[in-house]
Amino acid sequence: MGGIYLEEQERPLKLHFIPYPAPGHMIPLCDIATLFASNGHHVTIITTPSNAQTLRKSIPSLRLRTVPFPSRQVGLPNGVENLSAVSDIVNTARVHQATMLLRGPIEQLMEQEPPDCVIADFLFPWVHEVAKKLNIPRLAFNGFSLFAVCAMDKKARCNLPEAITWNATPPKILTKFMEPLLETERKSEGIIVNNFAELDGKEYIEQYEKSAGHKAWHVGPASLICGRRGERGGKSVMDAEECLSWLNSKRVKSVVYICFGSLCHFPDKQLYEMARGIEASGYDFIWVVPEKRGKEEENKWLPMGFEERNEGKGIIIKGWAPQLLILGHHAIGAFLTHCGWNSTLEAVCAGVPMVTWPVHDEQFYNEKLVTQVRRIGLEVGAREWGVVGFGERKHLVPADCIANAITRLMDGRDEALAIRRRAMDYAQKAAQALAPGGSSHTNFTALVRHLKRLRDSASLHQ
Ligand code: UDP
């Protein structure tokens with residue numbers, strides 16, 4: 001009996017991953033899928049054709065199964081299958097609506113080849129019903145830090161430090177959208193968290209698990225898992241070699257990297273303030289702006305003569321940037337970020353302190369974790385909590401606030417040095433977490449054991 005059990009325990013797991021079509025969700029979940037695959041488990045990513053194309057380029061080793069994206073049914077052009085491909089509210093809603101229609105074909109696929117466990121984004125609440133119907137354990141993934149989940153999930157509420165100062169309040173519509181999703185998430189076998197326990201904090205993990213009644217498996221940071229630094233989530237518009245050689249020409253920790261993830265599109269007026277702020281700080285920079293900001297519109301958001309004045313001093317990348325490559329370069333001294341969880345964690349892994357400028361969703365909670373709890377960044381002073389990353393805004397962040405925050409973090413005075421020291425310390429902890437004996441490594445091993453036990457007890461009862 002013991003022998004058979006041991007043999008069963010050796011048998012690899014069969015896992016289905018269903019990532020939500022947005023870079024901030026797909027990138028980390030596919031990294032985590034890679035972690036399972038590289039440990040010998042049979043991993044299948046279920047996605048749609050155009051997302052599969054992107055994934056094939058960045059992680060060719062993963063097995064992909066596709067189901068058609070119902071573009072026509074929701075009124076989207078063919079090939080638009082990802083939130084990063086749209087920049088207005090109507091089409092954002094259409095992409096989301098389309099993901100709700102994926103249930104039928106995905107259910108069919110899972111029925112044909114039932115996995116031992118399905119790991120799906122919490123933005124697909126219907127996976128809960130499918131998994132229940134097919135009697136398959138489900139793990140949820142939401143791409144957030146657990147700290148942010150603790151702040152958002154009213155029913156699994158944890159006590160965030162009272163001393164935190166809030167300069168914005170979440171829009172009601174966000175809370176209304178999140179609540180039912182988090183409720184369904186709580187019914188899962190557990191959640192997989194792209195973070196390491198030391199950054200979220202043991203106290204929040206314990207409180208969360210107690211009130212949610214399931215486990216939070218911290219197995220990250222995902223960006224350190226498979227060492228892909230170039231093509232990740234999109235095709236870079238700047239050649240990696242060119243980017244590296246420019247950075248190589250700069251002094252250590254002398255360049256500010258500015259990027260707002262894959263979904264933020266600021267109005268022209270805000271970009272104009274940003275340009276003035278960056279220039280006023282006087283530091284060298286790499287500034288990423290979305291592709292849609294083409295040459296023809298440039299005079300609307302870029303101060304006259306900006307590019308000429310900053311020749312050699314700064315680069316504007318118009319489109320997708322090789323972010324991991326940039327953040328990991330020793331010339332980068334600070335990251336002006338929208339606090340998307342992936343970007344935040346990637347900065348932590350690189351030991352780069354952050355100037356925080358949250359824009360929407362849970363980014364405001366991530367900001368507080370960075371600036372007031374772990375104290376590895378400074379706030380720019382954003383106080384408008386958006387529902388999405390685009391559209392007109394009431395409050396602009398003025399150029400002087402941007403310049404001041406950058407300067408405070410880059411000027412090498414005591415405050416900046418202390419923040420940098422703490423940032424370096426967390427980078428070390430991040431790397432240790434994934435090494436044998438580290439917290440994420442241990443969690444991963446325990447998670448595999450747990451899933452195998454579930455599988456084996458299910459087959460005993462059949
Ligand atoms: N990213 C990138 N190049 C870009 C913009 C974003 O590689 O030009 C990556 C970034 O490294 C991160 C992800 O896209 O892994 C963005 O996720 P995040 O959670 O930071 O923000 P979101 O896009 O979801 O708002």
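**Exercise 1.** In which loop is the place of lysine 253? Classify its exposure and describe its phi.

*Solution.* The structure is a predicted model.
Step 1. Lysine 253 sits in the loop between H12 and E8.
Step 2. There are 18 other C-beta atoms within 10 Å of lysine 253. A residue is buried at 20 or more and exposed at 12 or fewer, so lysine 253 is partly exposed.
Step 3. The phi of lysine 253 is positive, about 55°, although the residue is not a glycine.

**Exercise 2.** Locate asparagine 135 and decide whether it counts as buried or exposed.

*Solution.*
Step 1. Helix H7 (126–134) and strand E5 (138–141) bound the loop that holds asparagine 135.
Step 2. Asparagine 135 has 10 C-beta neighbours inside 10 Å, and therefore counts as exposed.
Step 3. The backbone of asparagine 135 has a positive phi, near 60°, in a residue other than glycine.

**Exercise 3.** Find the form of the peptide bond from glycine 220 to proline 221, and place proline 221 among the elements.

*Solution.*
Step 1. Omega for the bond from glycine 220 to proline 221 is near 5°, and the bond is cis.
Step 2. Proline 221 belongs to the loop between strand E7 (215–218) and H12.

**Exercise 4.** Test the length of helix H13 (residues 268–281) against the expected rise per residue, then list its buried residues and their packing partners.

*Solution.*
Step 1. H13 has 14 residues; at 1.5 Å a residue the helix should span 20 Å. The expected span uses one less than the number of residues.
Step 2. The end C-alpha atoms of H13 are 20 Å apart, which agrees with the expected span.
Step 3. The buried residues of H13 are Leu271, Glu273, Met274, Ala275, Gly277, Ile278 and Ser281.
Step 4. These buried residues pack against two strands, E8 (255–259) and E9 (284–289), and against helices H14 (298–301), H15 (306–309) and H19 (399–410).
Step 5. After H13 comes glycine 282, with a positive phi near 85°.

**Exercise 5.** Describe how the protein is divided into domains and what makes up their contact.

*Solution.*
Step 1. Domain 1 covers 14–226 + 431–453, and domain 2 covers 240–429.
Step 2. Between the C-alpha centres of the two domains the separation is 26 Å.
Step 3. Domain 1 gives 39 residues to the contact and domain 2 gives 33.
Step 4. On the side of domain 1 that touches domain 2, the elements giving two or more residues include helix H2 (23–38), helix H5 (89–100) and helix H9 (172–186). Helix H20 (414–434) is also one of them.
Step 5. By residue class, this side of domain 1 has 24 nonpolar, 13 polar and two charged residues.

**Exercise 6.** Characterise the shell around the ligand by its nearest residues, its elements and its classes.

*Solution.*
Step 1. The shell has 19 residues, and Gly24, Gly261, Ser262, Gly340 and Ser343 come nearest to the ligand.
Step 2. Two or more residues each come from H2, helix H16 (323–327) and helix H17 (341–350).
Step 3. H17 supplies the largest share of the shell, four residues.
Step 4. Nine residues of the shell are nonpolar, eight are polar and two are charged.
Step 5. Domain 1 and domain 2 each provide at least three residues of the shell.

**Exercise 7.** Classify arginine 421 and glutamate 241, and give one C-alpha separation for each.

*Solution.*
Step 1. Arginine 421 lies in helix H20. It has 12 C-beta neighbours inside 10 Å, so arginine 421 counts as exposed.
Step 2. Arginine 421 and glutamate 203 are 218 residues apart along the chain, and their C-alpha atoms are separated by 23 Å.
Step 3. Glutamate 241 is part of helix H12 (residues 240–248). With 10 other C-beta atoms within 10 Å, glutamate 241 is exposed.
Step 4. From glutamate 241 to threonine 344 the sequence separation is 103 residues, and the C-alpha atoms are 24 Å apart.

**Exercise 8.** Check the radius of gyration of the protein against that of a compact globule, and summarise the fold in numbers.

*Solution.*
Step 1. For 462 residues, a compact globule would have a radius of gyration near 23 Å; the protein has 22 Å, which agrees.
Step 2. The C-alpha trace spans about 75 × 50 × 45 Å along its principal axes.
Step 3. The protein contains 21 helices and 13 strands, and 48% of its 462 residues count as buried.
Step 4. Of the contacts between residues at least 6 apart in sequence, 73% join residues at least 24 apart.

Terms used. Residues numbered from 1 in each chain as written. Predicted model: local features only at pLDDT ≥ 70, side-chain atom pairs only at ≥ 80, totals over all residues. Domains from an automatic or database assignment. Contact = placed C-beta atoms within 7 Å. Nonpolar A, V, L, I, M, F, W, Y, C, P; charged D, E, K, R; others polar. Near = placed C-beta within 6 Å. Rg over C-alpha atoms; globule rule 2.2 N^0.38 Å.
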